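Work through the exercises below with the sequence and the coordinates at hand. Each task is followed by a solution in steps.

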Amino acid sequence: MSSKKRLNKSTSTLVTVLISVLMLVSANSYAIEPLIHIHKADQEGTYGVSLGLSDSFFKQKEFNWSVSYNRLQDVNVTWNGDDIDFSLDTIDLMLSYRYQPKSYSTFIKSLMFEFQAGVGVSLTENKFVWPALNEEKFFSEQGDINGVVAFLVHKKFTNQVSMQLGVKHYPDYSEFGNVSSIFVGFSYRFGQQEGY
């Protein structure tokens with residue numbers, strides 16, 4: 001078995017184990033929170049979507065985890081004078097801290113601030129083949145692991161429904177360099193809502 005195949009199998013196993021652990025931890029938590037985000041990246045014409053689940057750790061509403069599938073379309077990279085567009089598909093595994101300010105203002109009480117940090121695991125291989133020189137260049141490979149951070153502001157409309165506005169940043173996404181996006185989205189909390 002090649003080292004690349006072993007690495008992909010190891011990464012796949014790691015992701016499966018992490019997701020399984022997060023799901024087991026969530027069995028003791030208050031509420032599962034599906035979410036959808038629409039992204040606009042810092043490059044012109046680059047856009048994307050995230051679909052995910054979030055939950056708190058052991059009924060501690062301040063500390064959360066999330067798992068999301070993310071796709072960014074038309075991410076541009078320049079190589080040998082050519083502009084090439086790729087799509088980036090990742091599974092992001094994030095830990096976060098949520099802060100809800102205390103205030104007499106109804107509007108301020110409806111806001112919550114969230115800081116996230118974690119890793120993005122690449123699901124796709126992006127390579128460019130230059131036939132004239134019989135060369136190929138990999139910009140990302142399946143199983144690449146890249147750090148990711150995000151900041152979100154939640155606006156609660158009800159105990160279940162929230163809108164999010166945020167920024168996500170991969171400081172060094174494989175050979176693409178830094179990739180950032182702003183996003184807007186919604187989430188719906190299922191389960192017990194006490195203390196939220």
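**Exercise 1.** Is Ser103 buried, partly exposed or exposed in this predicted model? State where Ser103 is found and which residues beyond its sequence neighbours Ser103 is in contact with.

*Solution.*
Step 1. The relative accessibility of Ser103 is 28%. Buried requires a value under 20% and exposed a value over 50%, so Ser103 counts as partly exposed at 28%.
Step 2. Ser103 is found in the loop between β4 and α2, the latter covering 106-109.
Step 3. With neighbours within four places in sequence left aside, Ser103 is in contact with Ile108 and Lys109.

**Exercise 2.** Describe the order of elements in the chain and the overall burial and contact figures.

*Solution.*
Step 1. Two helices and 11 strands are present in the chain.
Step 2. Read from the N terminus on, the order is α-β-β-β-β-α-β-β-β-β-β-β-β.
Step 3. Of the 196 residues in the chain, 40% are buried.
Step 4. Take the contacts in the chain with a separation of 6 or more: 56% of them are between residues 24 or more positions apart.
Step 5. The chain exposes about 10,700 Å², and 61% of this area is supplied by carbon and sulfur atoms.

**Exercise 3.** Characterise the salt bridge between Arg98 and Glu114, and find the network to which these two residues belong.

*Solution.*
Step 1. A search of the whole structure gives seven salt bridges.
Step 2. In one of them, the side chains of Arg98 and Glu114 meet at 3.0 Å, N to O. Arg98 is in strand β4 and Glu114 in strand β5 (residues 111-122); the pair links distant parts of the chain, 16 residues apart.
Step 3. Assign the burial class of each partner. Arg98 has a relative accessible area of 4% and is therefore buried. Glu114, at 2% relative accessibility, also counts as buried.
Step 4. A network of salt bridges links Glu33, Arg98, Glu114 and Arg189.

**Exercise 4.** Which residue forms a salt bridge with Lys127, and which with Lys137? Give the burial class of each partner.

*Solution.*
Step 1. Lys127 pairs with Glu136, with the closest N and O atoms 3.4 Å apart. Lys127 is partly exposed at 35% relative accessibility, and Glu136 is partly exposed at 44%.
Step 2. Lys137 pairs with Glu175, where the closest N and O atoms are 3.7 Å apart. Glu175 lies in the loop between β9 and β10 and Lys137 in strand β7, so this salt bridge ties together parts that are 38 residues apart in sequence.
Step 3. Glu175 is partly exposed, with a relative accessible area of 47%. Lys137 is partly exposed as well, at 23%.
Step 4. Lys137 has a further partner: its charged end sits over the ring of Phe139, 5.8 Å from the ring centre.

**Exercise 5.** Trace the aromatic pairs that involve Phe139 with Phe86 and with Phe176, and name the cluster that contains them.

*Solution.*
Step 1. A search of the whole structure finds nine aromatic pairs.
Step 2. Among them, Phe86 and Phe139 have their centres 5.5 Å apart and their planes at 45°, a tilted pair. Phe86 is in strand β4 (residues 82-99) and Phe139 in strand β7 (residues 135-140), so the pair joins parts that are 53 residues apart in sequence.
Step 3. Phe86 counts as buried at 11% relative accessibility, and Phe139 counts as buried at 3%.
Step 4. Phe139 and Phe176 form a tilted pair, 6.0 Å centre to centre, with 50° between the planes. Phe176 is in the loop between β9 (161-170) and β10 (179-188), and the two residues are 37 residues apart. Both Phe139 and Phe176 are buried.
Step 5. One aromatic cluster is formed by Phe86, Phe139, Tyr170, Tyr173 and Phe176.

**Exercise 6.** Which residues form the nonpolar patch on the surface, and where is the place of Leu51?

*Solution.*
Step 1. The patch consists of Ile36, Ile38, Leu51, Phe157, Leu165, Val184 and Phe186, with about 650 Å² of accessible area together.
Step 2. At least two residues of the patch come from β1 (31-41), and at least two from β10.
Step 3. Leu51 is in strand β2 (residues 47-57). With a relative accessible area of 45%, Leu51 is partly exposed.

How values were computed. Residues are numbered from 1 along each chain as its sequence is written. This is a predicted model: local features need pLDDT of at least 70, side-chain atom pairs count only at pLDDT 80 or more; totals for chains, interfaces and linings use all residues. Side-chain values use heavy atoms; hydrogens and water are left out. Rings of Phe, Tyr and Trp (its six-membered ring) pair if their centres lie within 6.5 Å; planes under 30 degrees apart count as stacked, over 60 as edge-to-face and the rest as tilted. Helices (H or I, at least four residues) and strands (E, at least two) are DSSP runs, numbered from the N terminus. Buried means under 20% relative accessible area, exposed over 50%, partly exposed in between (1.4 Å probe, protein chains only). A charge sits over a ring if NZ of Lys or CZ of Arg is within 6 Å of the ring centre and within 35 degrees of the ring normal. Patches are made of residues with over 30% relative accessible area and no salt bridge: like charges are joined within 9 Å, nonpolar side chains (Val, Leu, Ile, Met, Phe, Trp, Tyr) within 5 Å. Accessible areas come from the Shrake-Rupley method with a 1.4 Å probe; for residues, only the protein chains shown count as cover. A salt bridge is a side-chain nitrogen of Lys or Arg within 4 Å of a carboxyl oxygen of Asp or Glu. Contact means heavy atoms within 4.5 Å.
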